[in-house]
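Dear colleague,

I am handing over a structure that may be new to you, and I would be glad if you could look it over before reading my notes. The notes come after it, so that you can set each one beside the structure itself.

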Amino acid sequence: MTLNNFNETTDSIEKIRANDGLPEKIHTEAHLWDEILKKEALEMPFLLLYLIREIHGIDYPPDVAIEPTGIEYTKENVETKELSSIRADIIMKINHSKTFHFECQRNIDPEMIYRMYEYDSQHSLSCRNLSAKKIAPELFFPNSAVLILEGGTTLPDYLTCKVHLPNHPMQQKNTSFCKKNNTKNPETTTLYTVAAVKVQQYGIQDIHAKQLYILIPYMPIRFSHLVRPDSIDEKSDRPPRTDDEFHNAKIELTNFYQDIILILDDAVKKNVLSESNQKDILALFRKAMIRVFHRDSKLLREVLDMTAPVLEWERETIARLEREKAEIVLEKNIALAEKDSALAEKDSALAEKDEFIRLIIAERDEKDAKLQQLLGRKKHTSRRRR
């Protein structure tokens, strides 16, 4: 590493630590994970199809219609009475029919199932068919899943919540209703279920085989155990890292990153991903790596060097050259326009000067004519006197 590069990296590390390892306009870690999923879903929506196949067992063709639907509503804080806007991470309608809802959560949270129910109920209400004339209106919940970004085998496969709905007394008297529901209880119990995707359970080859490239930016979280905070003020139950441990950590991260590059290169060769898709995934992966290691400047420096984009894709090179060519042409055109303008001003000044000279000559000729006329009269008068 050259001195200039070292200084640049040091400056970057200081800036990264000042921003808590987060990109500009991202204020919390949870916000970063949400934005990564949104960027992938909105710019590479076909990646969601592989995730849907893995979670829900539904296989869609790659050219199927994918439409973001989203949901946003206002909620009041019980204690402060303040109103806040609540927005789901990703809700997509596939093939103009089924709707799929995805949320990100770094750790398992007992409150998550309630938030998911709140999102899904609000979405089902917003998508209700007001024009349908039915005796019993219907609400359709989306197929929902939570991406659990950290944790192992102890995580559940599903998040569940029992929803108890009271039965009206008239329903108890309705024999056909009781037979149909096989109950005489005063309530109906429904199990609300959300799939839990255990992201860190997927290895690199699993992701490649199942085409779950959408999960790659979340994989650096599995290396959180390697972090050794620089500041002694930060609480850490991990002992100081030895030189051998640092060397091993560096090799582990390097090998991991090289494996990521290999599977993405293979996906590009097989036309599963474009070069632009690969670049976007790696850029998001780099942001995640920076967040994970932002408190460990020694490993962070290695991460920055390792994930720095060194080569341009051919498409980007062509685009860059075309931009540079356009800028040169624009500069030449501006220079020519300025030159033409200067020539026009010069021509205008010369024209004004020529006109001025013409007026002077005309005035002189007029004076000469008057003088000749006056001299002629004097000669005539003199002859008459003789």
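What follows is an account of the salt bridges and of one surface patch.

Please keep in mind throughout that this is a predicted model.

Side chains of opposite charge can pair when their charged atoms come close. Counting a salt bridge where a side-chain nitrogen of Lys or Arg lies within 4 Å of a carboxyl oxygen of Asp or Glu, the total comes to 17 salt bridges, and I describe some of them below.

I would begin with D20 and R291, which form a salt bridge whose closest N and O atoms are 3.4 Å apart. This pair links distant parts of the chain, since D20 sits in the loop between α1 (3–18) and α2 (29–43) while R291 belongs to helix α9 (residues 275–293), 271 residues apart. As for their surroundings, D20 is partly exposed, with a relative accessible area of 39%, whereas R291 has a relative accessible area of 12% and is therefore buried, the limit for that term being under 20%. The two residues also take part in a network of salt bridges that links D20, E29, R106, E150 and R291.

A second pair to look at is D157 with K198, whose side chains meet in a salt bridge at 2.7 Å, N to O. Here too distant parts of the chain are linked, with D157 in the loop between β6 (143–148) and β7 (158–166) and K198 in strand β8 (residues 187–198), 41 residues apart. D157 counts as partly exposed at 45% relative accessibility, while K198, at 16%, counts as buried.

The third pair is K270 and D266, which form a salt bridge with the closest N and O atoms 3.0 Å apart. K270 counts as exposed, because its relative accessibility of 56% is over the 50% that this term requires, and D266 counts as partly exposed at 23%.

Turning from charged to nonpolar side chains, you will find a nonpolar surface patch of about 330 Å², made by Y117, L125, L139 and F141. One of these residues, Y117, is placed in helix α4 (residues 112–126). Why can Y117 be part of such a patch? A patch residue needs over 30% relative accessible area, and Y117, which is partly exposed at 31%, therefore passes that cut-off.

With kind regards

Technical notes. Residues numbered from 1 in each chain as written. Predicted model: local features only at pLDDT ≥ 70, side-chain atom pairs only at ≥ 80, totals over all residues. Heavy atoms only, no water. Patch = residues over 30% accessible without salt bridge, like charges linked within 9 Å, V, L, I, M, F, W, Y side chains within 5 Å. Areas by Shrake-Rupley, 256 points an atom, 1.4 Å probe, with all protein chains shown as cover. Helix = DSSP H or I, 4+ residues; strand = E, 2+ residues; numbered from the N terminus. Buried < 20%, exposed > 50% of the residue type's maximum accessible area, 1.4 Å probe, protein only.
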